[in-house]
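Hello,

Here is the structure you asked for. My notes follow below it.

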Amino acid sequence: MSQSASQAAAFYRDVAKNKRVWTIKDDNGFPAPKTSSGKRSQPFWSTLSRAEKIIANVPAYSGFQPHEISWVEFCSRWAPDLKKSGLLVGINWSGIRATGYDVEPGVVVQRVTAEVSAT
């Protein structure tokens with residue numbers, strides 16, 4: 001299993017268990033950098049410690065703060081807004097360049113919901 005696949009599996013499992021996701025923000029709002037495909041993706045993490053690690057280790061995000069979102073709010077507000085804006089969801093980005101899988105918001109909702117149902 002690749003690093004990105006491992007991070008994605010952990011994301012779905014952790015979010016299903018803890019019912020929350022984390023993103024980061026600064027005074028200008030939430031980051032949504034372009035991916036290699038040219039689409040923009042907003043990063044989300046399954047734990048506070050993962051978000052804090054990116055802030056501490058990725059210079060581009062050094063001035064950011066973690067932002068907690070309940071799973072209910074993510075499903076009802078964030079996922080529809082991300083889809084409407086044409087943004088992907090960056091899943092548990094890791095490493096010095098903060099990379100990982102970028103997926104459609106609806107896929108994230110489906111995968112976490114399936115994980116909840118499996119437990």
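A polar contact, as the term is used here, is a pair of N or O atoms within 3.5 Å, and within protein one of them must be able to donate a hydrogen and the other to accept it. Please keep in mind that the model is predicted.

By that definition, the side chains of Thr23 and Gln42 are joined by a polar contact of 3.2 Å. Thr23 also has a polar side-chain atom 2.7 Å from the backbone oxygen of Pro43. The residue sits in strand S1, which covers residues 20-25. Is Thr23 buried or exposed? Its relative accessibility is 0%, and the cut-off for buried is under 20%, so Thr23 counts as buried. If neighbours within four places in sequence are set aside, the residues in contact with Thr23 are Phe30, Gln42, Pro43, Phe44, Trp45, Gln65, Pro66, His67 and Ile69. Gln42 and Pro43, the two partners named above, are thus on its contact list as well.

Next, the charged pairs. Side chains of opposite charge can pair when their charged atoms come close. How many salt bridges does a search of the whole structure find? The count is four, and three of them are described here, beginning with Lys39 and Glu104.

In the bridge between Lys39 and Glu104, the closest N and O atoms are 3.3 Å apart. This pair links distant parts of the chain, with the two positions 65 residues apart in numbering. Lys39 belongs to the loop between S1 and strand S2 (41-44), while Glu104 belongs to the loop between strand S5 (99-103) and helix H4 (105-118). Lys39 has a relative accessible area of 34% and is therefore partly exposed. Glu104, at 38% relative accessibility, also falls in the partly exposed class.

The other two bridges are in helix H3. Arg77 pairs with Glu73, and the closest N and O atoms of that salt bridge are 3.3 Å apart. Both residues lie in H3 (residues 71-84), four residues apart, or about one turn of the helix. Arg77 also meets Asp81 in a salt bridge, at 4.0 Å from N to O. Asp81 and Arg77 are separated by about one helical turn because they are four residues apart in helix H3. Salt bridges that share partners thereby join Glu73, Arg77 and Asp81 into one network. Each member is partly exposed: the relative accessible area is 31% for Glu73, 42% for Arg77 and 36% for Asp81.

Last, the chain as a whole. What secondary structure does the protein chain have? There are four helices and five strands, and along the sequence they follow the pattern α-β-β-α-β-α-β-β-α. The radius of gyration is 13 Å, close to the 14 Å that the globule rule gives for 119 residues, so the chain is as compact as a globular protein of that length. Along the principal axes, the C-alpha atoms fill a box of roughly 40 × 30 × 25 Å.

Of the 119 residues, 38% count as buried, and Thr23 is one of the residues in that class. The chain exposes about 6600 Å², and carbon and sulfur atoms supply 50% of that area. Among contacts between residues at least 6 apart in sequence, 69% join residues at least 24 apart.

Regards

Methods: Residues are numbered from 1 along each chain as its sequence is written. This is a predicted model: local features need pLDDT of at least 70, side-chain atom pairs count only at pLDDT 80 or more; totals for chains, interfaces and linings use all residues. Side-chain values use heavy atoms; hydrogens and water are left out. Buried means under 20% relative accessible area, exposed over 50%, partly exposed in between (1.4 Å probe, protein chains only). Contact means heavy atoms within 4.5 Å. A salt bridge is a side-chain nitrogen of Lys or Arg within 4 Å of a carboxyl oxygen of Asp or Glu. The radius of gyration is taken over C-alpha atoms; the globule rule is 2.2 Å times the number of residues to the power 0.38. Accessible areas come from the Shrake-Rupley method with a 1.4 Å probe; for residues, only the protein chains shown count as cover.
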